[in-house]
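Please open the model in your viewer and keep the selection panel at hand. The tour proceeds from the core to a helix and then to the ligand.

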Amino acid sequence: MAHSPRKGSPARWAAVILPPLCLGGLLAWTAGAFSPSAISPAHFMQRFHNAGAPGDGFRRAHAKGMCATGWFDPSPEGQALSRSGIFKGKHLPVMGRFSLAPPLPYLPDNPAVARSLSLQIRSSTGDDWRLALVDVPLQSMRDVADAYAFFGAAKLNPTTQKPDPAAVQAYAAQRPWLKTAFEQAKAHQQTSDLTNDTYNSLDSFILTDSTGKKTAVRWAVVAQEPFSPAEGSGANDKNYLFKRLVQTLNQRPLRWDIVATIAREEDPVNDPSQPWDEADQKVTVGTVTFTKASSEDESPCGSMVFDPTILPDGIGVSGDPLLALRSTVYMRSYATRSAEHKAPSMVTPGDVTNPTLTTDGKGQ
Ligand code: HEM
């Protein structure tokens, strides 16, 4: 099946190692064809269009999604690390969006595709914390030039309507600094579901505590559900990941811990393509509980922008160049899609009220 590549096949490998906006393959990169300073958000919009983003009111990346609501309970350890009002609250409202990473709003669910989770957590005193996370372990780009090459090379072949799976190797081969990121992505074992997946910020952030002390962290939003591998999940339905999330939420709440990995002196804070030390301290700053799902066509999350630089006092950006880039590009995507007529999302309101799985491979 076109969208369910076998484990170890080139298509699966390409899909897994294209974080965070896993686009399924890359075309050869033309080194030196541009100067990073000349790259604008509009150029990125064109690249997403070439990679299959249809417009039609959808996000230019992470286009297929569904919303969830619940609350956040911070831990005392979170309050010790950051003076943000978010960590002083209790049962703070959370708006979430689960998505598949590619720019294709009608992509059938399949285990080879990277998944994502976005969160907005608000306090009663006006703090607004937005996170946009993916389930890959390390970023496969380190700066604007990498990002532009990455998305440019994801252009769809007009005949096959797929990117060239071989091209990812050219992208990687020209960037020895991404070796570990690609190795980790290849070794990453996908989970069976959205419900038991862990989602990572990849980019680093700076926490400031009540004394002014600063701590660099990377976030992981870690499922409390037990791990189970994607292989053998056996679902044929085109929306099986989203429908199974709804089915579980209809039975019980689902929880994720927000875990900060604390940077040590030697950890590269401004380069998301480099790993931190395995032995770094990990601190759970709180827990997100989701109780309800809704189609993005019926929820405010559909039109929200999860710009990761929208942060409360006490949580700040690091010097990672991708954060500033993401902010401008997300806002451009948001402005562009807001001006378009929105086509119906693939996960419909009906899938949420009646998430029956089909077994004929066609979905609904
Ligand atoms: C650490 C790296 C990154 C992570 C973890 C990440 C994650 C995400 C997530 C989770 C979303 C979905 C947001 C939602 O649910 O609304 C998203 C959207 C998006 N991302 Fe990224 N992303 C990363 C890097 C990038 C880069 C480098 C670009 C391009 C320069 C980019 C372009 C976009 C765009 C255009 C959207 C849609 C924004 C909107 O219309 O609201 N991302 N990203």
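**Nonpolar cores**

Begin by selecting Leu133, Trp219, Val221, Leu245, Val288 and Ala293, which touch the most other members of the largest nonpolar core, a set of 62 residues. A nonpolar core here is a set of buried Ala, Val, Leu, Ile, Met, Phe, Trp, Tyr and Cys residues joined through C-beta atoms within 7 Å. Buried means that 20 or more other C-beta atoms lie within 10 Å of a residue's own, exposed that 12 or fewer do, with C-beta atoms placed from the backbone. Apart from this core lies another, of 23 residues, including Ala51, Ala149, Ala154 and Tyr171.

This is a predicted model: local features need pLDDT of at least 70, side-chain atom pairs count only at pLDDT 80 or more, and totals for chains, interfaces and linings use all residues. Residues are numbered from 1 along each chain as its sequence is written.

**Helix H6**

Next, select residues 179–187, helix H6 (helices are DSSP runs of H or I, at least four residues; strands are runs of E, at least two; both are numbered from the N terminus). Its buried residues are Ala181, Phe182 and Ala185. They lie on the same side of H6 because they cover an arc of only 95 degrees around the axis, taken from the directions from the helix axis to the C-beta atoms. On the other side of H6, Lys179, Lys186 and Ala187 are exposed.

**The ligand**

Finally, display the 30 residues that surround the ligand, each with its backbone-placed C-beta atom within 6 Å of it. The closest include His62, Ser116 and Ser333. Helix H8 (321–338) is among the contributing elements and gives the most to the shell, with eight residues.
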